[in-house]
2 protein chains.
Amino acid sequence: MKVRVLVRLKPGILDVQGAAVQRALGGLGFGDVRELRVGKLIEVEVDAPTAERARARVDEMCRRLLANTILEDYTIETDSAEHLAPPGAVR
Amino acid sequence: MKVRVLVRLKPGILDVQGAAVQRALGGLGFGDVRELRVGKLIEVEVDAPTAERARARVDEMCRRLLANTILEDYTIETDSAEHLAPPGAVR
């Protein structure tokens with residue numbers, strides 16, 4: 001079962017990397033960027049009989065290792081939602 | 001217009017960070033992880049009249065700065081697909 005985890009800094013936390021990228025884009029002529037934040041994408045293939053079970057398992061991984069829940073929020077998405085783009089696709 | 005970019009290492013490229021995380025998870029008792037890869041999540045708020053225009057603009061940003069297209073693939077998702085989870089949501 002494929003599970004996608006999105007890890008983002010919480011809204012109040014300063015995103016230094018995002019600010020640097022936004023500034024660099026501005027220098028390249030992309031002045032139309034109003035906000036930009038950088039987070040982590042973690043794609044996990046986990047042995048689980050159902051999507052629910054996989055999601056619960058990955059949620060536990062997030063709480064124990066993948067996310068720093070003091071600074072970061074995370075979102076878990078499973079394949080069953082059928083909107084996960086295949087790696088490499090430009091949609 | 002909010003646009004989400006997912007940047008991943010191309011399939012053939014060794015993901016050292018992913019391998020390290022997978023190993024650490026194994027040490028915590030998560031032996032059911034078959035594969036794990038780490039990528040970047042970039043969320044951009046861009047001034048554009050339509051989703052198509054925003055997507056085209058962000059595609060240009062990816063090619064010029066956000067992704068290293070020799071090593072990385074990227075996927076662009078727009079809000080209009082209406083499946084983007086709000087930051088902080090656990091789905």
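1. Let us begin with how the two chains relate in this predicted model. Chain B superposes on chain A by a rotation of 180° with 0.0 Å of shift along its axis, and the RMSD is 0.0 Å. The two copies are thus related as by a two-fold rotation axis. If you would like a landmark for that axis, look for B:Lys40: among the residues of chain B, its C-alpha comes closest to the axis, at 2.3 Å.

2. Next, the extent of the contact. Chain B contributes 48 residues and chain A contributes 47 residues. Together the two chains bury about 4400 Å², with 54% of that area on carbon and sulfur atoms. Because 98% of the interface residues of chain B are also interface residues in chain A, the copies meet through the same surface.

3. At the middle of this description is a pair of strands. Strand E2 of chain A, residues 33-46, is joined to E2 of chain B by 13 bridges, and the two strands run antiparallel. To find your place in the pairing, start from A:Arg37, which stands opposite B:Glu43 in E2 of chain B.

4. It is also worth looking at the polar links between the chains. The interface of chain B and chain A holds 20 residue pairs in polar contact, counting pairs with both residues at pLDDT 80 or more. Which parts of chain B supply at least two residues each to the side that touches chain A? They are strand E1 (2-9), helix H1 (16-27), strand E2 (33-46), helix H2 (51-66) and strand E3 (72-78). E2 of chain B gives the largest share of that side, 14 residues. Sorted by type, the residues of chain B on that side are 25 nonpolar, 5 polar and 18 charged.

5. Now for the salt bridges, which are easy to pick out on screen. How many salt bridges cross the interface of chain B and chain A? The rule finds 8 there, and the count over all chains comes to 16. One of those across the interface joins the side chains of A:Asp47 and B:Arg34, at 2.6 Å from N to O.

6. A further salt bridge deserves a visit: the side chains of A:Asp32 and B:Arg57 meet at 2.5 Å, N to O. A:Asp32 lies in the loop between helix H1 (16-27) and E2 of chain A, while B:Arg57 lies in helix H2 of chain B, so this pair joins two chains.

Technical notes: Residues numbered from 1 in each chain as written. Chains lettered and ligands numbered in written order. Predicted model: local features only at pLDDT ≥ 70, side-chain atom pairs only at ≥ 80, totals over all residues. Heavy atoms only, no water. Contact = heavy atoms within 4.5 Å. Buried area = accessible area lost by both parts, 1.4 Å probe. Salt bridge = Lys/Arg side-chain N within 4 Å of Asp/Glu carboxyl O. Polar contact = N/O pair within 3.5 Å; in protein donor to acceptor, adjacent residues only side chain to side chain. Helix = DSSP H or I, 4+ residues; strand = E, 2+ residues; numbered from the N terminus. Nonpolar A, V, L, I, M, F, W, Y, C, P; charged D, E, K, R; others polar. Pairing = 2+ DSSP bridges. Least-squares fit on C-alpha atoms with pLDDT ≥ 70 in both.
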